[in-house]
Amino acid sequence: MQLVVARIGRAHGIKGEVTVEVRTDEPELRLAPGAVLTTDPASIGPLTIETGRVHSGRLLLRFEGVRDRNAAEALRNTLLIADVDPDEMPEAEDEYYDHQLMDLDVVLTDGTEVGRITEISHLPSQDLFIVERPDGTELMIPFVEEIVTDIDLELQRAVIDPPPGLIDDRAEIVSARDAEPDAEPGEAEPGDDA
């Protein structure tokens, strides 16, 4: 099975290094020197990682045969893809590969069907499940512990406990005026000129 593990960013310096947007929880394994990765577009690869280092919080990689800034810049936006055994599990207990989450049924804590995961979007701040509802519309569900309360791979489902308004348009909104007790007839409402 093939997994996208990074996207190449801009060139760094003049000796062929590039920044990468890491898309794996195991960069030390997937993006280590010597790793051979296929690419998208395929015509650019395969690429073999020669060196890797962290600079100012960003991972920098250099690939075999890429020796200058122009060659590095030509790799920009290329996806790096690793071959992974489909039965392999991440090291941490509460981590999952994208292929394990795809097509899971999404249900509320009471069992109400919400939809099916069709895509995982990796954003800098968090990951999102793109969920297709039975009516064909899509939802974006943040993949955070407070909302996604359980992933059950055996039952092929993700249980969510969404805040009001996340999965429907009926957000529970209470205005300050609705929260005040009704004024007696003849009494001025707060804010009225008496």
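A contact here means heavy atoms within 4.5 Å.

## Overview

The model is predicted. Its protein chain has 194 residues, and 32% of these count as buried. The chain holds four helices and 12 strands.

Sequence-distant pairs figure strongly in the contacts. Take the contacts with a separation of 6 or more: residues 24 or more positions apart account for 47% of them. The exposed surface of the protein chain comes to about 12,300 Å². Carbon and sulfur atoms supply 47% of that area.

## The barrel

Six strands close into a barrel. Around the barrel the order is E1-E2-E5-E4-E3-E6, with antiparallel pairing. From one strand to the next, the twist averages 50°.

Two of the pairings can be followed residue by residue. E1 and E2 are antiparallel and share five bridges. Within this pair, Arg-7 has Glu-21 of E2 as its bridge partner. E1 and E2 also form a hairpin, with four residues between the strands. Gly-13 of that hairpin takes a positive phi near 75°. On to the next pair: E2 covers residues 17–22 and E5 covers residues 58–63. Three bridges join these two antiparallel strands. Val-18 is bridged to Leu-61 of E5.

## The nonpolar cores

The largest nonpolar core has 22 residues. Ile-8, Leu-31, Leu-61, Phe-63 and Leu-80 have the most contacts inside this core. Which strands supply it? At least two residues each come from E1 (2–12), E2, E4 (47–55), E5 and E6 (79–83). E1 gives the most, with five residues. These five strands are also members of the barrel order. Leu-61 thus has two roles to note: it is the bridge partner of Val-18, and it is among the residues with the most contacts inside the core.

Phe-63 shows how elements come together. Leaving aside residues up to four places away in sequence, Phe-63 touches Ile-8, Val-18, Leu-47, Thr-48, Ile-49, Glu-50, Leu-75 and Leu-80. Ile-8 and Leu-80, like Phe-63, are named among the residues with the most contacts inside the core. Another core lies apart from this one. That second core has 17 residues, among them Ile-120, Val-131, Ala-158 and Ile-160.

## Cis peptide bonds between E3 and E4

Which loop holds Pro-41? Pro-41 sits between strand E3 (36–40) and E4. The peptide bond from Asp-40 to Pro-41 is cis, with omega near 15°.

Pro-46 also lies in the loop between E3 and E4. A cis peptide bond joins Gly-45 to Pro-46, and its omega is about 0°.

## Positive phi outside glycine

Asp-103 is not a glycine, yet its phi is positive, at about 70°. The residue lies in the loop between helix H3 (98–101) and strand E7 (105–108). Is Asp-103 buried, exposed or partly exposed? Buried means under 20% relative accessible area and exposed means over 50%, with partly exposed in between. Asp-103 has 45% relative accessibility, so it counts as partly exposed.

Gln-156 is not a glycine either, and its phi is positive at about 55°. Its loop runs between strand E11 (148–152) and strand E12 (157–160). Gln-156 has 36% relative accessibility and therefore counts as partly exposed.

## The loop position of Thr-137

Thr-137 is found between strand E9 (127–132) and strand E10 (138–142), in the loop. Its relative accessible area is 39%, so Thr-137 is partly exposed.

What does Thr-137 touch, beyond residues up to four places away in sequence? Val-131 and Glu-132 are the residues in contact. Val-131 is also one of the residues in the 17-residue core. The side chain of Thr-137 makes a polar contact with the side chain of Asp-135, at 2.6 Å. Gly-115 is 22 residues from Thr-137 in sequence. The C-alpha to C-alpha distance between Thr-137 and Gly-115 is 9.4 Å.

Technical notes. Residues numbered from 1 in each chain as written. Predicted model: local features only at pLDDT ≥ 70, side-chain atom pairs only at ≥ 80, totals over all residues. Heavy atoms only, no water. Pairing = 2+ DSSP bridges. Axes fitted to C-alpha atoms, helices over the stretch in contact; angles between N-to-C directions. Buried < 20%, exposed > 50% of the residue type's maximum accessible area, 1.4 Å probe, protein only. Areas by Shrake-Rupley, 256 points an atom, 1.4 Å probe, with all protein chains shown as cover. Core = buried A, V, L, I, M, F, W, Y, C linked by side-chain atoms within 4.5 Å. Polar contact = N/O pair within 3.5 Å; in protein donor to acceptor, adjacent residues only side chain to side chain.
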